[in-house]
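Here's a walk through the fold, sheet by sheet, with a stop at the cores and a few odd backbone spots. Have the viewer open as you read.

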Amino acid sequence: MVVDDSPEFTGTVERFLEGKGYRVIVCRDGRSALSRLIQEGPEIVLLDLDLPDISGRELLPQIKKINPQISVVVVTGLGTGEMTVELMKGGAVDFLSKPVQLDSLLSAVKNALKLREASIDERRIEGLPTLESFFPFLAHEIRNPLHAIGGALAVIQRRSNLEDEPLAQSIRIIGEEVQHLNEFVQECLDFVRPVDTNYFVDINVNEVLSLVLNITQHINQETTRPILITTDLDPQLPPVFANYEEIKKAFLNIVKNSCEAMSDRGEKLKICTRFLPKPPSGWIEIVFSDQGAGIKKANLDKIFTPFFTTKVKGTGLGLAICHRIIVERHQGIILVESAEGQGTRFIVQLPLKEENSVISS
Ligand SMILES: Nc1ncnc2c1ncn2[C@@H]1O[C@H](COP(=O)(O)OP(=O)(O)O)[C@@H](O)[C@H]1O
Ligand SMILES: [Mg+2]
């Protein structure tokens with residue numbers, strides 16, 4: 001848009017820029033410029049400071065108010081001198097003085113377009129929702145149809161002749177995939193959800209472990225994999241100040257991995273708890289030792305990375321969630337020792353609150 005009251009100037013600019021493939025809108029005064037600005041949404045405004053009604057200086061902030069992404073190039077016959085700084089602060093990106101050289105006009109227009117694109121890109125990034133804030137919304141949108149699919153599948157299953165093997169198999173596949181997607185969404189949610197410190201209470205880690213083992217036995221029954229789990233829990237273990245649900249989830253993820261790493265040849269998972277007299281107020285330690293497949297040396301430093309998995313249907317989020325819960329949210333430590341083919345040992349340590357300290361009492 002060229003805003004200038006000189007027909008000679010606007011005529012020249014219009015012919016020149018149209019010859020270069022631009023569409024040009026000509027306005028002879030400030031008021032018509034403002035109304036056409038709204039209607040036509042130009043990308044660049046070439047603005048004369050000396051207009052018959054509103055001065056270009058007053059017009060500039062109004063243009064920027066209508067659309068901050070419009071690049072304004074000030075064109076003037078007056079020496080702008082000290083006004084330049086003010087105009088630049090007001091958002092003018094370039095200055096041209098009359099008589100305008102056509103090649104400098106063209107480069108000013110090209111430059112203004114580039115600046116405009118850059119500012120749009122920046123806003124795009126600023127306005128982009130973070131994964132953390134966007135995911136719960138996405139999860140909701142995925143889970144609702146998944147629930148519906150699961151429900152409808154149950155009806156189909158009840159009413160179908162399951163002796164028809166291909167049909168039964170198809171139903172099974174849909175069911176498994178729905179469950180897999182549900183678990184994946186849940187794990188992503190667990191990963192991005194901020195911790196609720198309102199739910200920090202004194203918890204007995206031995207009790208949490210017993211519950212985790214109950215849940216695990218239940219899952220193992222379903223998959224018909226007899227996994228032997230033994231425990232050696234310190235009955236004197238002091239309580240830790242923690243979020244019960246989160247600690248449960250972290251332990252469950254570790255135990256689940258161990259079960260998945262063991263084939264059906266009667267390997268064992270052993271879980272031990274004990275008090276550690278480590279400063280400042282003492283810690284508790286939970287050790288999970290399995291006799292499963294173990295972890296390749298090259299993978300040892302990758303297993304806590306989100307989405308790292310060696311499993312066909314893995315999400316790679318289980319240990320990333322553990323790390324978030326134990327290290328970031330409970331200021332604990334999680335270590336892994338493993339040798340391929342010989343099993344894996346996860347060591348979790350949680351610091352005690354001063355009141356719960358066994359050392360000082
Ligand atoms: N107890 C274990 N024994 C062997 N490998 C393990 C064990 N725990 C974790 N891993 C390895 O770490 C990877 C990441 O684990 P995790 O974050 O829970 O994701 P996922 O279980 O979905 O693969 C696994 O794919 C596996 O390679
Ligand atoms: Mg896992």
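Is strand 4 largely enclosed or open to the outside, and why? Strand 4 is largely enclosed by the rest of the structure, because 5 of its 6 residues are buried. Keep in mind that this is a predicted model.

**The parallel sheet**

Strand 4 belongs to an open sheet of 5 strands, ordered 2-1-3-4-5 with parallel pairing. At the edges sit strand 2 (26-27) and strand 5 (92-97), each pairing on one side only. Strand 1 (residues 2-3) pairs with strand 2 over 2 bridges, in the parallel sense, and Val2 stands opposite Val26 there. Further along, strand 3 and strand 4 run parallel and are joined by 5 bridges, with Ile44 facing Ser71 of strand 4.

Helix 3 lies across strand 3 (44-48), strand 4 (71-76) and strand 5, and its direction is at about 160 degrees to strand 3. Helix 3 (residues 56-66) also packs against helix 2 (residues 30-40), at an angle of about 10 degrees and with the axes 10 Å apart. So helix 2 is roughly parallel to helix 3. On the helix 2 side, the residues that meet helix 3 are Gly30, Ala33, Leu34, Leu37 and Ile38; on the helix 3 side they are Leu59, Gln62, Ile63 and Ile66. By class, that contact has 7 nonpolar and 2 polar residues, with no charged ones.

Leu60 is a good residue to click on in helix 3. Leu60 has 22 other C-beta atoms within 10 Å, so it is buried. Leaving aside neighbours within four places in sequence, Leu60 is in contact with Leu47, Val72, Leu87, Gly90, Gly91 and Ala92. As for Gly30, it is 30 residues from Leu60 in sequence and 9.8 Å away in space, C-alpha to C-alpha.

**The mixed sheet**

Now for the other sheet. This one is open too, with 5 strands in the order 7-9-10-12-11 and mixed pairing. Its edge strands are strand 7 (228-232) and strand 11 (333-339), each paired on one side only. Ignoring direction, neighbouring strands here are turned by 15 degrees against each other on average.

Strand 10 (residues 283-290) and strand 12 (residues 343-351) run antiparallel, joined by 8 bridges; Val287 has Ile347 as its bridge partner in strand 12. Strand 11 also pairs with strand 12 in the antiparallel sense, over 7 bridges, and Ala339 is partnered with Gly343 of strand 12. Strands 11 and 12 form a hairpin with 3 residues between them, and Gly341 in the turn has a positive phi of about 85 degrees.

Two helices cover parts of this sheet. Helix 9 (residues 244-261) lies across strand 9 (268-276), strand 10 and strand 12, running at about 15 degrees to strand 10. Helix 10 (residues 318-329) packs on the sheet and touches strand 11 and strand 12, with its direction at about 135 degrees to that of strand 11.

**The cores**

Which residues have the most contacts inside the largest nonpolar core? They are Ala250, Phe251 and Val255, in a core of 37 residues. Elements giving two or more residues to this core include helix 7 (165-192), helix 8 (205-222) and strand 8 (240-243). Helix 9 gives the most, with 8 residues. Outside its neighbours within four places in sequence, Val255 is in contact with Val212, Thr216, Leu269 and Phe288. A second, separate core has 26 residues, among them Val13, Leu46, Leu49 and Val72.

**Backbone oddities**

A few loop spots deserve a look if you're checking torsions.

| Site | Torsion |
|---|---|
| Lys98 to Pro99, cis peptide bond | omega about -5 degrees |
| Pro279 to Pro280, cis peptide bond | omega near 0 degrees |
| Phe307, not a glycine | positive phi of about 75 degrees |
| Gln331, not a glycine | positive phi near 50 degrees |

Pro99 is in the loop between strand 5 and helix 5 (102-127), and Pro280 lies in the loop between strand 9 and strand 10. Phe307 is found in the loop between strand 10 and helix 10; with 11 other C-beta atoms within 10 Å, Phe307 is exposed. Gln331 sits in the loop between helix 10 and strand 11. Gln331 is exposed as well, with 9 other C-beta atoms within 10 Å.

Notes
Residues are numbered from 1 along each chain as its sequence is written. Chains are lettered from A and ligands numbered from 1 in the order in which they are written. This is a predicted model: local features need pLDDT of at least 70, side-chain atom pairs count only at pLDDT 80 or more; totals for chains, interfaces and linings use all residues. Two strands pair if DSSP finds at least two bridges between them. Helices (H or I, at least four residues) and strands (E, at least two) are DSSP runs, numbered from the N terminus. Axes are lines fitted to C-alpha atoms, for helices over the stretch in contact, and angles run from 0 to 180 degrees between N-to-C directions. Two residues are in contact if their C-beta atoms, placed from the backbone, lie within 7 Å. Angles under 35 degrees count as roughly parallel, over 145 as roughly antiparallel, 65 to 115 as roughly perpendicular and the rest as oblique. Ala, Val, Leu, Ile, Met, Phe, Trp, Tyr, Cys and Pro count as nonpolar, Asp, Glu, Lys and Arg as charged, and the others, Gly among them, as polar. A nonpolar core is a set of buried Ala, Val, Leu, Ile, Met, Phe, Trp, Tyr and Cys residues joined through C-beta atoms within 7 Å. A residue is buried if 20 or more other C-beta atoms lie within 10 Å of its own, exposed if 12 or fewer, and partly exposed in between; C-beta atoms are placed from the backbone.
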